[in-house]
Every structure is written in structure tokens, then in C-alpha cells.
Amino acid sequence: MGKKKSRPSPVPAPRLPGIVDAHTHLASCGARTPDEVEAIVERAVAAGVEKLCTVGDGLAEAELALAAAQSNERVFAACAIHPTRANELDDAARARLTAMAADPACVAIGETGLDTYWIGKSDTCAPLDVQEEALRWHIDLAVASGKALMIHNREADNELLRVLADAPTPRTTILHCFSSPLAVAEEAIARGYILSFAGNVTFRRNEELREIARKTPAGQLLIETDAPYMTPEPFRGGRNEPAIVGHTAYCLAEIRGQQPTEFAEELMQTFDKVYGIVNPV
């Protein structure tokens with residue numbers, strides 16, 4: 001057999017001015033210093049991206065996310081402990097995250113949530129009861145700090161909806177990388193949650209997800225890369241970063257019957273409102 005050809009590196013979509021990336025992981029993309037952050041942001045700006053929110057999956061990466069936001073005016077941070085790592089939410093982590101939440105560069109508490117997919121598949125994944133306890137703590141922090149709540153949900157629809165229904169209500173709740181069925185989407189929209197769509201909405205098999213995106217009201221929809229994961233078509237399986245969020249934007253604008261520039265402006269308004277950005281870049 002011949003040698004398998006490697007996939008090409010992604011290139012930006014046709015430039016779409018004013019676009020946003022509501023959820024990315026700059027540290028996981030290799031940006032751990034101000035210069036490295038600047039390099040990724042410059043590539044994103046060249047593709048029309050004006051603002052992005054970077055997220056860490058644990059305390060160390062939350063620190064990097066906050067530092068990135070403090071060093072670059074186009075970057076905002078979300079800080080929390082990922083549900084699969086909920087065992088790490090000790091007293092010291094709680095104290096540090098509380099301090100992070102008070103920083104203006106931190107615009108969301110996340111990503112927190114529930115994940116049953118990795119239970120039994122990973123020796124380090126926190127059990128569901130520990131995840132729920134951590135989620136409830138993060139919800140309380142979002143309420144106390146007045147910041148948006150950023151939710152990770154993987155194969156835990158019923159459990160998540162139950163917790164969110166009986167917990168205190170944050171200012172805004174974002175369901176990041178929304179991938180749940182239509183019935184869950186309808187319930188989430190009715191509750192006023194924000195659905196944020198990643199590159200998987202462009203995958204050929206995801207017709208239901210595109211239909212959900214089409215039906216999501218303006219003001220309750222965001223787009224994200226979740227980079228370095230969820231690379232959109234036509235580069236699925238390759239490297240992802242904020243510069244190629246335009247692929248997802250163009251896909252959703254088309255299925256929603258909107259002009260891309262109109263859609264980008266709508267997303268910017270939602271980004272600013274959701275994250276409480278008073279003085280846009």
C-alpha cells in the first residue's frame with residue numbers, strides 16, 4: 001500500500017470582516033506566551049476575526065487564558081475546571097477561580113458542565129456526582145460574579161437540563177459546541193440559553209444540527225472553533241484555529257438565508273451582549 005497522504009493545513013475562509021470566535025483554546029493551539037497569542041490573533045484578524053474567547057480545561061490553562069486576555073485587547077477569557085477534571089476543584093482551585101472571575105478580562109465561567117462519555121473510558125475522569133457538585137459550584141460563581149456560564153455537555157442532556165433547571169440562574173448560559181438533538185435545542189431555546197455552534201455543524205452527516213442552527217433565534221446563536229478541535233469542512237481532521245471560523249460562519253449564513261456580513265454583525269452583537277463587553281474593540 002502507498003503511504004497515506006497527510007491532510008493539508010487549514011487556510012482561512014474568504015475574509016469575513018467582523019466575525020467572532022466564541023470559544024477557542026489558544027493554549028492548546030500552542031499559544032502560551034504573549035507573542036504566540038499575538039501570532040494566532042494576527043492570522044485570525046487577517047481572516048476578519050475581531051474578537052475571540054479563549055478557554056482552559058483546567059486551572060493551569062485557565063491561568064493562560066486569563067493571561068492571554070490581559071495581553072491582547074481582542075482576546076477575552078473563560079475560566080473554570082472542565083467536568084472530566086472536576087476532582088481538581090479543591091479549596092485552592094476554588095479560591096483562585098473566584099479571584100479570576102473578578103478580573104474584567106474574564107467574561108465567562110467555563111467550561112464547566114457534565115460529561116458521561118469519558119466515564120469508564122478514562123481512569124482520570126471524575127464520576128458524575130463529583131461533576132455535578134463542581135457544576136453547581138461554578139454556577140454559583142457565575143451568579144455571584146455576574147459572568148456568563150459556559151457549559152460543556154457530552155452525552156449528559158437529561159442530567160444537565162435537570163441541574164440547570166433547579167440551580168440559581170446566571171445572567172447568561174451558553175451551551176458550547178452544541179451537538180444535542182432537536183428536542184434538547186428546543187428546550188434550551190425556550191429557557192433562553194445561547195447555542196454556540198462549532199465546526200461539526202459543517203459535517204456532511206449533521207443535517208439535524210444544521211436544522212437546529214437554522215431555527216435558533218437571532219441573539220441566541222454564536223459560532224466558535226473549539227480549536228484545536230472540531231475543524232470544519234473542508235479541512236475536517238486537520239489542524240484548527242480561530243482564523244478558519246469563517247468556514248462555519250459562511251455555512252450557517254447560507255442555511256439561515258442571511259448575507260454573511262449581516263450574519264457577522266448579528267454574531268458580534270450577541271458576543272458583546274453575552275460576554276458583557278461594554279467597549280467593543
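## Backbone exceptions

Glu155 sits in the loop between strand E5 (148-154) and H5. In this predicted model, Glu155 has a positive phi of about 55°, although it is not a glycine. Its relative accessibility is 55%, so Glu155 counts as exposed. Cys177 is another non-glycine residue with a positive phi, here about 45°. Cys177 belongs to the loop between strand E6 (173-175) and helix H6 (182-191). With a relative accessible area of 9%, Cys177 is buried. Most residues other than glycine have a negative phi, and most peptide bonds are trans.

Two cis peptide bonds can be described as well. One runs from Gly110 to Glu111, with omega near 10°, and Glu111 is placed in strand E4 (residues 106-115). Another runs from Ala227 to Pro228, with omega near 15°. Pro228 is in the loop between strand E8 (221-223) and helix H8 (245-256).

## Strand E7: Leu195 and Ser196

Strand E7 covers residues 194-197 and includes Ser196; Leu195 is also found in strand E7. Leu195 is buried, because its relative accessible area is 0%. Ser196 has a relative accessibility of 1% and therefore counts as buried, the cut-off being under 20%.

Leaving aside neighbours within four places in sequence, Leu195 is in contact with Leu175, Phe178, Ala185, Ala188, Ile189, Ile212, Thr216, Gln220, Leu221 and Leu222. For one of these partners, Leu221, the C-alpha to C-alpha distance from Leu195 is 5.0 Å, at a separation of 26 residues in sequence.

Ser196, with residues up to four places away in sequence not counted, touches Ala22, Ile174, Leu175, His176, Cys177, Phe178, Leu222, Ile223 and Glu224. Cys177, in this list, is the loop residue with the positive phi described above. The side chains of Ser196 and Glu224 are joined by a polar contact of 2.6 Å.

## Leu209 in helix H7

Leu209 lies in helix H7, which spans residues 207-215. At 7% relative accessibility, Leu209 counts as buried. Not counting residues up to four places away in sequence, Leu209 touches Phe178, Ser179, Phe197, Asn200 and Val201. Phe178 is thus listed as a contact of Leu209, and it is also listed for Leu195 and for Ser196.

The C-alpha atoms of Leu209 and Pro181 are separated by 7.5 Å, and the two residues are 28 residues apart along the chain.

## Packing of helices H4 and H5

Two packed helices are described by the angle between their axes and the distance between the axes. Helix H4 (residues 128-145) and helix H5 (residues 157-166) pack at an angle of about 35°, and their axes are 11 Å apart. The crossing in which H4 passes H5 is right-handed.

On the H4 side, Leu128, Glu132, Leu135, Arg136 and Ile139 take part. They meet Glu159, Leu160, Arg162, Val163, Leu164 and Asp166 in H5. Sorted by class, this contact of H4 with H5 has six nonpolar, no polar and five charged residues.

## Aromatic pairs

A pair of aromatic rings is described by the distance of the centres and the angle of the planes. Four aromatic pairs are found in a search of the whole structure. One of them is formed by Phe76 and Phe271, an edge-to-face pair with a centre-to-centre distance of 6.1 Å and 65° between the planes. This pair links distant parts of the chain, with Phe76 in strand E3 (residues 75-78) and Phe271 in helix H9 (residues 260-274), 195 residues apart. Both Phe76 and Phe271 are buried.

Tyr117 and Trp118 also pair: their ring centres are 5.0 Å apart and their planes stand at 90°, so the pair is edge-to-face. Tyr117 counts as partly exposed because its relative accessibility is 22%. Trp118, at 36% relative accessibility, likewise counts as partly exposed. Ring pairs also link Phe76, Phe271 and Tyr275 into a cluster.

Notes: Residues are numbered from 1 along each chain as its sequence is written. This is a predicted model: local features need pLDDT of at least 70, side-chain atom pairs count only at pLDDT 80 or more; totals for chains, interfaces and linings use all residues. Side-chain values use heavy atoms; hydrogens and water are left out. Helices (H or I, at least four residues) and strands (E, at least two) are DSSP runs, numbered from the N terminus. Buried means under 20% relative accessible area, exposed over 50%, partly exposed in between (1.4 Å probe, protein chains only). A polar contact is a pair of N or O atoms within 3.5 Å; within protein, one must be able to donate a hydrogen and the other to accept it, and residues adjacent in sequence count only if both atoms are side-chain atoms. Contact means heavy atoms within 4.5 Å. Axes are lines fitted to C-alpha atoms, for helices over the stretch in contact, and angles run from 0 to 180 degrees between N-to-C directions. A crossing is left-handed if the near helix is turned anticlockwise from the far one by less than a right angle, and right-handed if clockwise. Ala, Val, Leu, Ile, Met, Phe, Trp, Tyr, Cys and Pro count as nonpolar, Asp, Glu, Lys and Arg as charged, and the others, Gly among them, as polar. Rings of Phe, Tyr and Trp (its six-membered ring) pair if their centres lie within 6.5 Å; planes under 30 degrees apart count as stacked, over 60 as edge-to-face and the rest as tilted.
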